[in-house]
Structure formats: C-alpha cells, structure tokens
Amino acid sequence: MPSENSGTARNAVVSAQAVSMTYHGRRGPVNALSRVDFNLWEGEFVALLGPSGCGKSTLLNMVSGLIMPTSGSLTYRGTPIDGPNTSIGYMTQRDSILPWRTVSENIELPLQIRRVPARERREKVATYIQMVGLRGFENTYPAGLSGGMRKRVGLAQALVYEPETLLLDEPFGALDAILRLRMQAELLSLTEKLGAAVLFVTHDMDEAITLADRVVVMSARPARIVDVIEVDLPRPRDLEQLQFTAEYQEVRRRVWHNLGREIHAGEKEMAKP
Ligand SMILES: Nc1ncnc2c1ncn2[C@@H]1O[C@H](COP(=O)(O)OP(=O)(O)OP(=O)(O)O)[C@@H](O)[C@H]1O
C-alpha cells in the first residue's frame, strides 16, 4: 500500500479509513471502492486520476456527504461525515444549475441559501462571473449556454461562497485548451489565496500534475489507491512552461507508469461479457 502519510505537521480536513462502497443496482452488486485510505490536508491540492468508471466520483460523493460508504470511516475535521457539509463546495460531474434562473441567479443561489446580505451577494457574483469568463452572460438562461459555459456556471457556484474545501469533478473537461489554461491559473491563484483544500478529479494526467501537490492514482474498479506521487514543483507555477521542464517529465513518467497499467486493466474489465 503506498504511503499516505505526507504532511503530518498539518491537519487533515478529510480522512478516509478503509472506505469501501458497493452499489446494489439492477444488474447486481457493483464494488466501486475497496478499502481506500486517504487524507486531504489543510490547504492541499490533490488530483485524483484513474480509469473511467473506477470510483472517483463515488469518493467525492461520499466526502460531500451525499452518499454513505458501505464500510470504513470517513471524517471531516475529525467528525464523521453523515450529510452535506457547508464547509465544502462541490462541483459535481453533472451540473445542477436551474433552468429557470439566469447565470447570475444561479451563481447567487448558494449565497442566498447561506443568507448572505444582498450587497455582498451582488459583489461576489460579479467577481466570480468575471473569474469564470462569463461577463456579458449575466442575464442569460441555461438553455442559451454551451456545455463549457454551463460547466463554468457550476464552477462559480462551488467557488462563490469561498468554502475551505473544494471537490471538483472534471471541472474543465468541456473547455477548449486556451480557456482551460486560463481557468486552471485562476483556480490555482484563488485556492492559494483562500488556503482552500482541493480534491480534483480529472482524466488529464498533465492537468493533474500541473495543478496538484499530490497526484493519487486509483486502480480499475473496485478502486484502490495504487500510487501517491508528490509533485514537488515550485509554486507559483507557470502552467504554460512547466511541462517542458525535466522535473515535470520525471513526475509524468512515474504517474504514467501506474496509470497506463490501470487504464489497460479497466479496459479489460469493461470488455468482459
Ligand atoms: N447509483 C449507482 N448504482 C449502481 N452503480 C453505480 C451507481 N453510481 C455509480 N455506479 C457504478 O460505480 C462505478 C464507479 O462509478 P463512478 O461514477 O464513481 O466512477 P468514476 O471513476 O467517477 O467514472 P468516470 O471517470 O467515468 O466519471 C461505475 O461502475 C458505476 O457504473
């Protein structure tokens, strides 16, 4: 089992011990996670990489309190997670934006739920609309947005109340390369400013390495942690140039070594009748 004990001087915001999850679907039981041990430390950026369908969203859903593990222990700052937690901002893979609210009204919603005063709400909404590049679309309804724009509304909803922990499930998947790079840089500077801890699911190995302090590689289903790679590259990072450095290539080789194997294992699993 790879060591998961780095950063011991810091406090864990999320701690998972021997967490397993079995779904009971129409086609019988599906083992999604198997005895996952994991800590997310204060202010840390962790990227989760693993084959499609291995259980990454399941882990985020459990950390957010939307679903409970079948066995094992999952805590947030030492308290068992037994329901949604207002310290966590969660951008799920499928957005939950409301079709009858405009872009501004959707982004404002989490602040209204938290009874933030109207003036502060307006300021925050304007800040985050700017950040996700949706100026000019404030009064547009979701039906008039592209897939990438919807994703950015979802991201702004998770960020707008500046939670201490962010769970982001493939937030930049639908964006073109330039916008993606811009949003990655914005996210890094914001989370550094807020000191937020981030658990970030992506399929993109380069995105994982450029953003994260640690990359956690998960196995094909049922997901286990097969490797934890410290990304000891200096910050602030120049996201455009980083990939050309020798240090970066070294980390990339190690991540690919395990990830490639797991992706092949996942493909074999899916091909089974
Ligand atoms: N509610 C559910 N009922 C039954 N099976 C489920 C349920 N939710 C997820 N699963 C199954 O659990 C496994 C893990 O799903 P999960 O969405 O966590 O994977 P993932 O790693 O996030 O996938 P992807 O990378 O494709 O988004 C999959 O095989 C999925 O079909």
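How far apart do the end C-alpha atoms of residues 14-245 lie, and how much of the span is helix and how much strand? The two ends are 32 Å apart, and the span is 31% helix and 28% strand. Keep in mind as you look around that this is a predicted model. The stretch itself comes from UniProt, where an unreviewed entry places the feature "domain: ABC transporter" at residues 14-245.

Let's start at the ligand. There are 14 residues around the ligand, and those that come nearest are Tyr23, Gly25, Lys56, Ser57 and Thr58. Three elements, β1 (12-25), β2 (28-41) and α1 (56-63), each supply at least two residues of the shell. The largest share comes from α1, with 3 residues. Sorted by class, the shell has 8 polar, 4 nonpolar and 2 charged residues.

Now move along the chain to helix α3, which runs over residues 118-131. With 14 residues, α3 reaches 20 Å from its first C-alpha to its last, close to the 20 Å expected at 1.5 Å a residue. Which of its residues are buried? They are Arg121, Lys124, Val125, Tyr128, Ile129 and Met131. Looking down the axis of α3, you will find these buried residues within an arc of 155°, so they line one face of the helix. The general background is helpful here: an α-helix has 3.6 residues a turn, so residues three or four places apart point the same way. On the other side of α3, Arg119, Glu123 and Gln130 are exposed.

What do the buried residues of α3 pack against? Their partners are three other helices: α2 (103-113), α4 (147-159) and α5 (177-194). After α3 comes glycine 133, which has a positive phi, near 70°.

A little further on, in the loop between α3 and α4, you can pick out phenylalanine 137. Is phenylalanine 137 buried, exposed or partly exposed? Here the cut-offs matter: a residue counts as buried with 20 or more other C-beta atoms within 10 Å and as exposed with 12 or fewer. Phenylalanine 137 has 18 such atoms within 10 Å, so it is classed as partly exposed.

This loop residue also links up with parts of the chain beyond its own neighbourhood in sequence. Leaving aside neighbours within four places in sequence, phenylalanine 137 is in contact with Val103 and Met149. Phenylalanine 137 and threonine 102 are 35 residues apart in sequence, while their C-alpha atoms are 8.6 Å apart in space.

How values were computed. Residues numbered from 1 in each chain as written. Predicted model: local features only at pLDDT ≥ 70, side-chain atom pairs only at ≥ 80, totals over all residues. Near = placed C-beta within 6 Å. Helix = DSSP H or I, 4+ residues; strand = E, 2+ residues; numbered from the N terminus. Nonpolar A, V, L, I, M, F, W, Y, C, P; charged D, E, K, R; others polar. Expected span 1.5 Å × (residues − 1). Arc of directions from axis to C-beta. Contact = placed C-beta atoms within 7 Å. UniProt positions renumbered as here; feature names shortened; annotations may be inferred.
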